[in-house]
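Subject: Handover of the structure

Hello,

Here is the structure I promised to pass on. Please open it beside this message and follow along.

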There are 4 protein chains.
Amino acid sequence: MVITASREERQTDILKAAIRVFSEHGFDGAKMEYIAKEAGIGKGTVYEYFESKDRLFEEILKFSVDRYSQGLKEAIDQGKTIEERILNCSRFNVEFLNNHMEFMHIAMQIKMLSKEIRAHHMAVHAVILEHYSEMIKEAKANGELRPDLNEEIAMFCIIGALEQFCKQRFYMDPRPLEEKDYQAIVDVLLRGLK
Amino acid sequence: MVITASREERQTDILKAAIRVFSEHGFDGAKMEYIAKEAGIGKGTVYEYFESKDRLFEEILKFSVDRYSQGLKEAIDQGKTIEERILNCSRFNVEFLNNHMEFMHIAMQIKMLSKEIRAHHMAVHAVILEHYSEMIKEAKANGELRPDLNEEIAMFCIIGALEQFCKQRFYMDPRPLEEKDYQAIVDVLLRGLK
Amino acid sequence: MVITASREERQTDILKAAIRVFSEHGFDGAKMEYIAKEAGIGKGTVYEYFESKDRLFEEILKFSVDRYSQGLKEAIDQGKTIEERILNCSRFNVEFLNNHMEFMHIAMQIKMLSKEIRAHHMAVHAVILEHYSEMIKEAKANGELRPDLNEEIAMFCIIGALEQFCKQRFYMDPRPLEEKDYQAIVDVLLRGLK
Amino acid sequence: MVITASREERQTDILKAAIRVFSEHGFDGAKMEYIAKEAGIGKGTVYEYFESKDRLFEEILKFSVDRYSQGLKEAIDQGKTIEERILNCSRFNVEFLNNHMEFMHIAMQIKMLSKEIRAHHMAVHAVILEHYSEMIKEAKANGELRPDLNEEIAMFCIIGALEQFCKQRFYMDPRPLEEKDYQAIVDVLLRGLK
DNA sequence: GATGAATGAGCCTTCATTCAT
DNA sequence: AATGAATGAAGGCTCATTCAT
């Protein structure tokens, strides 16, 4: 335990430890004791930083969703063409979901989030969709995508394909993803199945 | 409580009640008492049909996954062209997931499934992928899809897009899906984004 | 299941089955279902003959204690000398306890016997002591035992030694008892240790 | 609740409380809540010291049996003659069994002791018999007891008579034991009934 | 009368939370 | 501020008892 860690650093340590423990054990299976141990602190100390297990979970969710949103934005911005951008999104999704897949699943089924957090979650989710939506709009404006493309549907195709691919590899077939895999996805998405 | 229900009918009633309760409350949040109440029977009676909560969950999973696999197969078989088939898959997915979405999410993160059930689950998942895979192969053979299409990727694009669409509508935007929505998805998938 | 069994015979069958099950599983461990199965009847049928588990246990206790008292009396009466009589008691004790040892232990710690049954139990116990007491008195009168012998203590020595011997052989050292063992006990009791 | 109690003291407190509760209610009748209340602590706290009810019972058994064995040894060692020694054993038995009688009965019918504990129990029982056996051997060597005495039988007579006496007084006739009672037992044992 | 499916009170055990140190 | 021993509410499961057939 680093004595000199600031309150904020300590809080982040707990947050990250908690993500690992929630991911491994699910919400109800994640005992506060595990989280404390994972963070290398005493059980009571967690309560110095987060008032309850529910609240801790909510903070994690916020933290993760914010990081995802921000990371996705960067991934998109660092590409020039729509192809590069989708490729970047793919890579970012894989990287992020490899670390947070389980956690995101847990998050999705939690019904008892506080109104505040639920609102935040919805808001950030909307922001994420917005990132994709803008990307698609720009590409349409540039002529990279056909002008009559249904933007919403396109978005879901991209997101869904990427996510499905991550899931398959994560749960069923743990081959490491290679560059050609990313290329193949983008290829199918852009050219269609025909 | 229907007095005349056979043992098998009663068991199915409990199964269905349990799906609803697990979906609503998650695995740990689903109290056996809720399940019993939902099925309109006493708490102890559930144990006459399923030896434990874990075992009950496993049976549900088997039941649901089998029904999904079978339903998907039928959906595919009832279409002639690849377009019709994907449309049917879409409709079936929406219908099924509307009823079982939450439950399937719960199922995905359960780590402590028995070896037997885990094996069954993986096997049925493989069968499901096989249904999609065959559909794509046939369509390639017929010339409906281009011959150089990466089948695995195509499969993930189709599954992912459909699922993503269901999820979006389920969680975020509960508009009922219309026929034009299905058409739009198939259109994007088949024609590509370009 | 013998259809023609009279109500009384059926009741005795259940009683005997219950003794076996209580002996094997203890009071709380003895499920009514086991007892029914052991008696070859349905669970509900037990309740046609005994109104509750507690009542059934009490009836067994009565039954057993009566049989013990009666058997002991016969064993004593069939001997002429004090030596023969103690030998007979030994043999009877061994035989009876081999079949009812566990059950008697269970009986001893049951605190919640009804007043009525507790009274009966005490009464029969007193009768048993009386059998021994009379035996000793008669032997004193005959000059077989010394006139200054403390009758109560003598009784406890006889009962205790016999019982201890049975217990040892039952729990720790399951050699079958032989005639010479009985002789040795009587010998020590009558001649003293010195 | 003594705040300053060490972990070990607290554990012993629970042990002793549990002996009382098991003695009063039997194994299955002894609710963990009663034990906690008897020890003056919360229900959950018992589990900080003993992992389960079964384990707690086993620990008590070990504890009691060890104390009995040790106490008996001391009782014997503090006597010079065989008479003194048997007197000491009597007094010790009465004292110990007055406090643990019920518990020892419960212990005897527990079938599901772990192998380890069962082995320990048997071992200590053997040690106890050994204490008696040695006492008798020494007395024979000293000429206090006759040389042709069957040691095993003698042992059972002594143990049985003492125990029977305790039981009688405990269950049926709660007069306090007086010195002359002890004397009478030893007298009968040593001089024989004749 | 005989049955066994259904019932729910009751108990062992877990774990989020508190609080004295 | 940090800790972890103590707590008790809550839930999975058992089984004596009931009652419709």
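How do the residues of the surface near DNA strand F divide into nonpolar, polar and charged? There are 13 nonpolar, eight polar and 10 charged residues. Before going further, please note that this is a predicted model.

**DNA strand F**

Start with the residues around this strand. DNA strand F is surrounded by 31 residues. The closest are A:Thr45, B:Lys31, B:Lys43, D:Gly42 and D:Thr45. Of the strand's atoms that come within 4 Å of the protein, 69% are accounted for by sugar and phosphate.

Several atom pairs are worth displaying. Look at D:Gly42 again: a backbone N or O atom of this residue lies 2.6 Å from a phosphate oxygen of DNA strand F. D:Arg10 also reaches a phosphate oxygen of this strand, with a polar side-chain atom 2.9 Å away. C:Lys43 goes to a base instead: an N or O atom in its side chain is 3.3 Å from a base oxygen of DNA strand F. Which elements give two or more residues to the surface near DNA strand F? They are α3 of chain A, α3 of chain B, α3 of chain C and α3 of chain D.

**DNA strand E**

Now turn to the other strand. There are 32 residues around DNA strand E. A:Lys31, B:Gly42, B:Thr45, C:Thr45 and D:Lys31 come nearest. By class, the surface near this strand has 13 nonpolar, eight polar and 11 charged residues. Which part of DNA strand E supplies 70% of its atoms within 4 Å of the protein? Sugar or phosphate does, and the rest of those atoms belong to bases.

Two tyrosines deserve a look here. The side chain of D:Tyr47 has an N or O atom 2.8 Å from a phosphate oxygen of DNA strand E. For B:Tyr49, the distance from a side-chain N or O atom to a phosphate oxygen of the strand is 2.9 Å. C:Lys43 appears here too, with a polar side-chain atom 3.4 Å from a base nitrogen of DNA strand E. The elements giving two or more residues to this surface are α3 (43-49) of chain A, α3 (43-49) of chain B, α3 (43-49) of chain C and α3 (43-49) of chain D. α3(C) gives the most, with five residues.

There is also a record to set beside this. UniProt, in an unreviewed entry, places the feature "DNA-binding region" at residues 31-50 of chain A. In the model, that stretch of chain A is 75% helix and 0% strand. Its end C-alpha atoms are 14 Å apart.

**How the chains are arranged**

Take chains A and B. Chain B superposes on chain A by a rotation of 179 degrees with 0.0 Å of shift along its axis, at an RMSD of 0.2 Å. That is the relation of a two-fold axis. In chain B, B:Gly192 comes closest to the rotation axis, with its C-alpha at 1.6 Å. Of the interface residues of chain B, 98% are also interface residues in chain A, so the copies meet through the same surface.

Chains C and D come next. A rotation of 179 degrees, with 0.0 Å of shift along its axis, superposes chain C on chain D (RMSD 0.2 Å). The C-alpha of chain C nearest the axis belongs to C:Gly192, 1.4 Å from it. Here 100% of the interface residues of chain C are also interface residues in chain D, so these copies meet through the same surface.

Other pairs do not touch. Chains A and C have no contact, and their closest C-alpha atoms lie 32 Å apart. Chains B and D have no contact either, with closest C-alpha atoms 21 Å apart.

**Two residues to click on**

First, B:Asp181. Helix α8 (residues 179-191) of chain B holds this residue. Is B:Asp181 buried or exposed? B:Asp181 counts as buried because its relative accessibility is 9%, and the cut-off for buried is under 20%. Beyond its neighbours within four places in sequence, B:Asp181 is in contact with A:Ile153, B:Phe165, B:Arg169 and B:Pro176.

Second, D:Ala139, found in helix α6 (residues 115-142) of chain D. D:Ala139 is buried, with a relative accessible area of 1%. Leaving aside neighbours within four places in sequence, D:Ala139 is in contact with D:Ile82, D:Glu144 and D:Leu145. D:Lys80 is 59 residues from D:Ala139 in sequence, and their C-alpha atoms are 10.0 Å apart.

Best wishes

How values were computed
Residues numbered from 1 in each chain as written. Chains lettered and ligands numbered in written order. Predicted model: local features only at pLDDT ≥ 70, side-chain atom pairs only at ≥ 80, totals over all residues. Heavy atoms only, no water. Near = heavy atom within 4 Å. Polar contact = N/O pair within 3.5 Å; in protein donor to acceptor, adjacent residues only side chain to side chain. Helix = DSSP H or I, 4+ residues; strand = E, 2+ residues; numbered from the N terminus. Nonpolar A, V, L, I, M, F, W, Y, C, P; charged D, E, K, R; others polar. Least-squares fit on C-alpha atoms with pLDDT ≥ 70 in both. Contact = heavy atoms within 4.5 Å. Buried < 20%, exposed > 50% of the residue type's maximum accessible area, 1.4 Å probe, protein only. UniProt positions renumbered as here; feature names shortened; annotations may be inferred.
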